[in-house]
Amino acid sequence: MDAPRNAADAAPASAARLSWTVHPAAQDPARAAMLALVVLVAAALAWSVTRSAAVTAAGVALLLSSLSAFFLPRHYVLDEAGAAERGPLRPERRLSWDAVRTITRERHGVHLSPLHRPSRWTVDRGLFLRAPANAEDVMLFARRRSGARGHPWAPPRSSARTSGRSSTL
């Protein structure tokens, strides 16, 4: 019997390797069906406007490629060398522990960043590890290997703090 998706391979944060697979479409079939319906409606709309199979196919390909992170599974591995993300149709992404400066727990996982502080470039740099079921194990593993500090995500403060008022985003 296969291990449940999104589960760590029963390895605690002190182990030499931690790996898991995430497949959002398999976890949320209702959302997957809704997205498939949106793609079909977009294809029908493209066909009705252009009557071109090439334009319709190109549009569907672009939509599906932008949704590949949701529809296709991703496999994550944390080992002594660093963190890696693999998935079909994309090359492996790897970040060595030497490069990790901050580790941030976010809603759907953990972000490893080479930046010292969160900034507007945070989402474009580093490696996001989807880990809904084992985020705490991932955080512990990453902190022990990288020596980076954990950083609870908080939006940057505005200048309203000098006036004594708090601002909301």
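This briefing describes the fold, the charged and aromatic contacts, one strand pairing and the largest pocket of the structure above. The model is predicted, and every value below was computed from its atoms. The protein chain contains 5 helices and 8 strands, and buried residues account for 32% of its 169 residues. Read from the N terminus, the order of the elements is β-α-α-α-α-β-β-β-β-β-β-α-β.

**Salt bridges**

- A total of 9 salt bridges is found in the structure, and among them is the contact between the side chains of Arg74 and Glu85, where N and O come to 3.1 Å.
- This pair links distant parts of the chain, since Arg74 belongs to strand β2 (residues 74-78) and Glu85 to strand β3 (residues 82-87), with their positions 11 residues apart in the count along the chain.
- Arg74 and Glu85 are both buried; for Glu85 the relative accessibility is 3%, and because the cut-off for buried is under 20%, the residue falls in that class.
- Glu85 also forms a salt bridge with Arg90, in which the closest N and O atoms are 3.8 Å apart.
- Arg90 differs from Glu85 in its surroundings: Arg90 is partly exposed, with a relative accessible area of 40%, whereas Glu85 is buried at 3%.
- Another salt bridge brings together the side chains of Arg86 and Glu92, at 3.7 Å from N to O.
- In that pair both partners are partly exposed, Arg86 having a relative accessible area of 36% and Glu92 a relative accessibility of 42%.
- Through salt bridges that share partners, Arg74, Glu85, Arg90 and Arg93 are joined into one network.

**Aromatic pairs**

- Across the whole structure, 3 aromatic pairs are found.
- One of them is the edge-to-face pair of Phe70 and Phe71, with 5.3 Å from centre to centre and 80° between the planes.
- The two rings of that pair belong to residues of unlike accessibility, as Phe70 is buried with a relative accessible area of 14%, while Phe71 is partly exposed with 23%.
- The rings of Trp97 and Phe141 are also paired, and because their planes stand at 50°, with the centres 6.3 Å apart, this pair counts as tilted.
- Trp97 sits in the loop between β4 (90-96) and β5 (102-106) and Phe141 in helix α5 (residues 135-146), so their pairing ties together parts of the chain that are 44 residues apart in sequence.
- Both of these residues are buried, Trp97 at 4% relative accessibility and Phe141 with a relative accessible area of 0%.

**Strand β7 and its partner**

- Strand β7 (residues 127-130) has a covered face formed by Leu127 and Leu129 and an uncovered face formed by Phe128 and Arg130.
- Behind such a pattern lies a general feature of regular strands, in which the side chains alternate between the two faces of the sheet.
- Strand β6 (residues 109-113) runs antiparallel to β7, and the two are joined by 4 bridges.
- Within this pairing, Gly109 has Arg130 of β7 as its bridge partner.
- Phe128, which lies in strand β7, is partly exposed, with a relative accessible area of 23%.
- Although Phe128 and Leu112 are 16 residues apart along the chain, their C-alpha atoms are separated by 6.2 Å.

**The largest pocket**

- The largest pocket holds about 250 Å³ of space.
- Its lining consists of Val22, Pro24, Gln27, Asp28, Arg31, Ala69, Phe70, Arg74, Arg107, His108, Arg130 and Pro132.
- By residue class, this lining comprises 5 nonpolar, 2 polar and 5 charged residues.
- Two helices, α1 (24-27) and α4 (68-71), each contribute at least two residues to the lining of the largest pocket.
- Several lining residues have appeared above: Arg74 lines the pocket and forms a salt bridge with Glu85, Phe70 lines the pocket and forms an aromatic pair with Phe71, and Arg130 lines the pocket and is on the uncovered face of β7.

Methods:
Residues are numbered from 1 along each chain as its sequence is written. This is a predicted model: local features need pLDDT of at least 70, side-chain atom pairs count only at pLDDT 80 or more; totals for chains, interfaces and linings use all residues. Side-chain values use heavy atoms; hydrogens and water are left out. Buried means under 20% relative accessible area, exposed over 50%, partly exposed in between (1.4 Å probe, protein chains only). Two strands pair if DSSP finds at least two bridges between them. A salt bridge is a side-chain nitrogen of Lys or Arg within 4 Å of a carboxyl oxygen of Asp or Glu. On a 1 Å grid over the protein atoms alone, a cavity is a set of points where a 1.4 Å probe fits but cannot get out, and a pocket is an open set with protein on both sides within 12 Å along at least five of seven lines; lining residues have an atom within 4 Å of a point. Grid points are joined across faces, edges and corners, and a volume is the space filled by probe spheres set on the points. Ala, Val, Leu, Ile, Met, Phe, Trp, Tyr, Cys and Pro count as nonpolar, Asp, Glu, Lys and Arg as charged, and the others, Gly among them, as polar. Rings of Phe, Tyr and Trp (its six-membered ring) pair if their centres lie within 6.5 Å; planes under 30 degrees apart count as stacked, over 60 as edge-to-face and the rest as tilted.
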